[in-house]
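The paragraphs below go through one protein chain, from the overall picture to single residues. Keep the sequence and the coordinates open while reading.

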Amino acid sequence: MSVGDIPSSWRKAIITLIYKRGPSSDAANYRPVSLTSVFGKIMERVIAADMIDCLLRNNLLNTCQHGFLSKRSTLTNLLESFDNWTIFIENKLPNRVAYIDFSRAFDSVSHRKLLHKLKSYDIDGILLDWVANFFLSGR
């Protein structure tokens, strides 16, 4: 752990499908779930906690950020948005809302640019090595 590298077995997963709803013959009605190493899951939590702590400590997260933060969720995001929309409507101001699905966005992110951005946020050293080795290579 102190060298920022991981065993190759931590990168492996058993993929199992969980049925959602609809016709069972339609592949779109199943959600893939990755069963990974317990040690890998623990490290994911440690890394995520360290990264979020660093971002919060350096005030690098926008106040509108709701995902992956304690006491914030899609519900708090929706309530905040609804409050803002109500204020606009009451003041007869124009309001536009755009819904964007980022579900596959991570698949298209340049890993090199992501690592560079993390480094610019003072996420470096062993933590950055872990991110590069665990999340961005061989998975």
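The predictor's confidence in each residue is expressed as pLDDT, on a scale from 0 to 100. That value matters here since the model is a predicted one. Among the elements of the protein chain, the lowest mean pLDDT, 82, belongs to helix 4 (residues 125–135), and the highest, 91, to helix 2 (residues 74–90). Over the protein chain the mean pLDDT is 84, with 96% of the residues at 70 or more.

The protein chain contains four helices and two strands. Read from the N terminus, the order of the elements is β-β-α-α-α-α. Strand 1 covers residues 13–19, helix 1 covers residues 38–57, and helix 3 covers 111–120.

Next comes the overall shape. What radius of gyration does the protein chain have, and what would a compact globule of 139 residues have? The protein chain has 19 Å, whereas the globule would be near 14 Å. Along the principal axes, the C-alpha atoms fill a box of roughly 60 × 50 × 25 Å. Of the 139 residues, 16% are buried. The accessible surface of the protein chain is about 11,100 Å², and carbon and sulfur atoms account for 58% of that surface. Among contacts between residues at least 6 apart in sequence, 44% join residues at least 24 apart.

Following the chain from the N terminus, Ile15 is a residue of strand 1. With neighbours within four places in sequence left aside, Ile15 is in contact with Pro32, Val33 and Ser34. Ile15 is 34 residues from Ala49 in sequence, and their C-alpha atoms are 25 Å apart.

Helix 1 holds both Glu44 and Arg45. Is Glu44 buried, partly exposed or exposed? Glu44 counts as partly exposed because its relative accessible area is 27%, a value between the cut-offs of 20% and 50%. Arg45, at 69% relative accessibility, counts as exposed. Two C-alpha distances help to place these residues. Glu44 and Ile6 are 38 residues apart along the chain and 12 Å apart in space. Arg45 and Ser120 are 75 residues apart along the chain, with a separation of 22 Å.

The loop between helix 1 and helix 2 contains His66. The relative accessible area of His66 is 5%, so this residue is buried. Which residues does His66 touch, not counting those up to four places away in sequence? They are Arg72, Ser73, Thr76, Asn77 and Glu80. With Thr76, the side chain of His66 also makes a polar contact of 2.7 Å.

Helix 2 itself has 17 residues. Its span from first C-alpha to last is 24 Å, close to the 24 Å expected at 1.5 Å a residue. At the start of helix 2, a side-chain oxygen of Ser73 comes to within 3.1 Å of the backbone nitrogen of Leu75. Ser73 is also one of the residues that His66 touches. Further along, Ser81 lies in helix 2. Ser81 counts as buried because its relative accessibility is 18%, which is under the 20% cut-off. The C-alpha atoms of Ser81 and Val97 are 9.5 Å apart, for a sequence separation of 16 residues.

Two loop residues have backbone angles that deserve a look. Most residues other than glycine have a negative phi. Lys92, which follows helix 2, is not a glycine, yet its phi is positive, about 55 degrees. Lys92 belongs to the loop between helix 2 and helix 3, and its relative accessibility of 75% makes it exposed.

The second case is Asp122, in the loop between helix 3 and helix 4. Asp122 is likewise not a glycine and has a positive phi of about 65 degrees. Is Asp122 buried or exposed? Asp122 is exposed because its relative accessibility is 53%, and the cut-off is over 50%. Beyond this loop comes helix 4, the element with the lowest mean pLDDT.

Conventions:
Residues numbered from 1 in each chain as written. Predicted model: local features only at pLDDT ≥ 70, side-chain atom pairs only at ≥ 80, totals over all residues. Heavy atoms only, no water. Expected span 1.5 Å × (residues − 1). Polar contact = N/O pair within 3.5 Å; in protein donor to acceptor, adjacent residues only side chain to side chain. Rg over C-alpha atoms; globule rule 2.2 N^0.38 Å. Buried < 20%, exposed > 50% of the residue type's maximum accessible area, 1.4 Å probe, protein only. Contact = heavy atoms within 4.5 Å. Areas by Shrake-Rupley, 256 points an atom, 1.4 Å probe, with all protein chains shown as cover.
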